[in-house]
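Me: I have a protein model open and want to learn how to read it. Can we go through some features one by one?

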Amino acid sequence: MERDYVISDSTHFVYYPRDCVRLVNPKQVAFYMKRGIQLMDIYPSSDLKTGEDILVFLVDKRKSYKVYQEWMEMKNNDEK
């Protein structure tokens, strides 16, 4: 099975979009970066709800899973 890959104009990394998670929350992106998660790509897009301009950050799904769990735990604790 052949996979379509992308070469990022921003980071110059080669990646497979299906292997990535799309992040749009700048606080979440900072949280991931502080924990050593590499950004695979950064590109402009539009918010699906508001139509406003946003930046989209892509990270590797597998490499960032543990940090995702930390993020969710922190968010859940903040909501209590």
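Me: Leaving aside its neighbours within four places in sequence, which residues is valine 56 in contact with?
Reply: First, a caution: this is a predicted model. To read contacts, skip the close sequence neighbours and list what remains. For valine 56, that list is Arg22, Leu23, Val24, Asp41, Ile42, Tyr43 and Ser45. Valine 56 sits in strand β5.

Me: Is valine 56 buried or exposed?
Reply: Look at the relative accessible area. Under 20% counts as buried. Valine 56 has 0%, so it is buried.

Me: How far is valine 56 from lysine 75 in space?
Reply: Compare two separations, one along the chain and one through space. Valine 56 and lysine 75 are 19 residues apart along the chain. Their C-alpha atoms are separated by 20 Å.

Me: Which other pair can I try, say glutamate 73 and lysine 27?
Reply: Good choice. They are 46 residues apart in sequence, and 15 Å apart from C-alpha to C-alpha. Glutamate 73 belongs to helix α2. Its relative accessible area is 53%, so glutamate 73 is exposed.

Me: Now the cores. Which residues make up the largest nonpolar core?
Reply: Look for buried nonpolar residues whose side chains join up. Here the largest such core has ten: Leu23, Val29, Phe31, Tyr32, Ile37, Leu39, Phe57, Val59, Val67 and Trp71. Next, see where they come from. At least two residues each are supplied by α1 (26-34), β5 (53-60) and α2 (61-79). The top contributor is α1, with three residues.

Me: Where does valine 56 fit in, and how many residues does the second core have?
Reply: Val56 is in that second core, which is separate and has five residues. Among them are also Tyr15, Cys20 and Leu58.

Me: Back to the largest core. What does valine 59 touch, not counting residues up to four places away in sequence?
Reply: Read its list as before. Valine 59 touches Asp19, Cys20, Val21, Leu23, Tyr32, Ile37, Gln38, Leu39, Met40 and Ser64.

Me: Which residues make the nonpolar surface patch?
Reply: Nonpolar side chains can also sit at the surface. Tyr5, Ile7, Val14 and Tyr16 make a patch of about 400 Å². Take tyrosine 16 as one member. Its place is the loop between β2 (14-15) and β3 (20-23). With a relative accessible area of 32%, tyrosine 16 is partly exposed.

Me: How many salt bridges does the structure hold?
Reply: Look for oppositely charged side chains that meet. There are two salt bridges. One joins arginine 62 to aspartate 19, with the closest N and O atoms 4.0 Å apart.

Me: Why does the pair of arginine 62 and aspartate 19 tie together parts that are apart in sequence?
Reply: Because arginine 62 lies in helix α2, while aspartate 19 is in the loop between β2 and β3. The parts are 43 residues apart in sequence. Check both partners for cover too. Arginine 62 is exposed at 68% relative accessibility. Aspartate 19, at 19%, is buried.

Me: Which residues meet in the other salt bridge?
Reply: Glutamate 70 and arginine 35 meet through their side chains, at 3.0 Å from N to O. Glutamate 70 is in helix α2 and arginine 35 in the loop between α1 and β4 (39-46), so this pair links parts 35 residues apart in sequence. Glutamate 70 is partly exposed at 37%. Arginine 35 is partly exposed at 38%.

Me: What does the side chain of serine 8 reach or contact?
Reply: Look for N and O atoms that pair up. The serine 8 side chain reaches the backbone nitrogen of threonine 11 at 2.9 Å. It also makes a polar contact with the side chain of aspartate 41, at 2.6 Å. Serine 8 lies in the loop between β1 (6-7) and β2. Its relative accessibility is 1%, so serine 8 counts as buried.

Me: Last one. What is phi of histidine 12 near?
Reply: Start with the general rule. Most residues other than glycine have a negative phi. Phi of histidine 12 is near 70°, a positive value. Histidine 12 is in the loop between β1 and β2. With a relative accessible area of 60%, histidine 12 is exposed.

Notes
Residues numbered from 1 in each chain as written. Predicted model: local features only at pLDDT ≥ 70, side-chain atom pairs only at ≥ 80, totals over all residues. Heavy atoms only, no water. Core = buried A, V, L, I, M, F, W, Y, C linked by side-chain atoms within 4.5 Å. Buried < 20%, exposed > 50% of the residue type's maximum accessible area, 1.4 Å probe, protein only. Helix = DSSP H or I, 4+ residues; strand = E, 2+ residues; numbered from the N terminus. Contact = heavy atoms within 4.5 Å. Patch = residues over 30% accessible without salt bridge, like charges linked within 9 Å, V, L, I, M, F, W, Y side chains within 5 Å. Areas by Shrake-Rupley, 256 points an atom, 1.4 Å probe, with all protein chains shown as cover. Polar contact = N/O pair within 3.5 Å; in protein donor to acceptor, adjacent residues only side chain to side chain.
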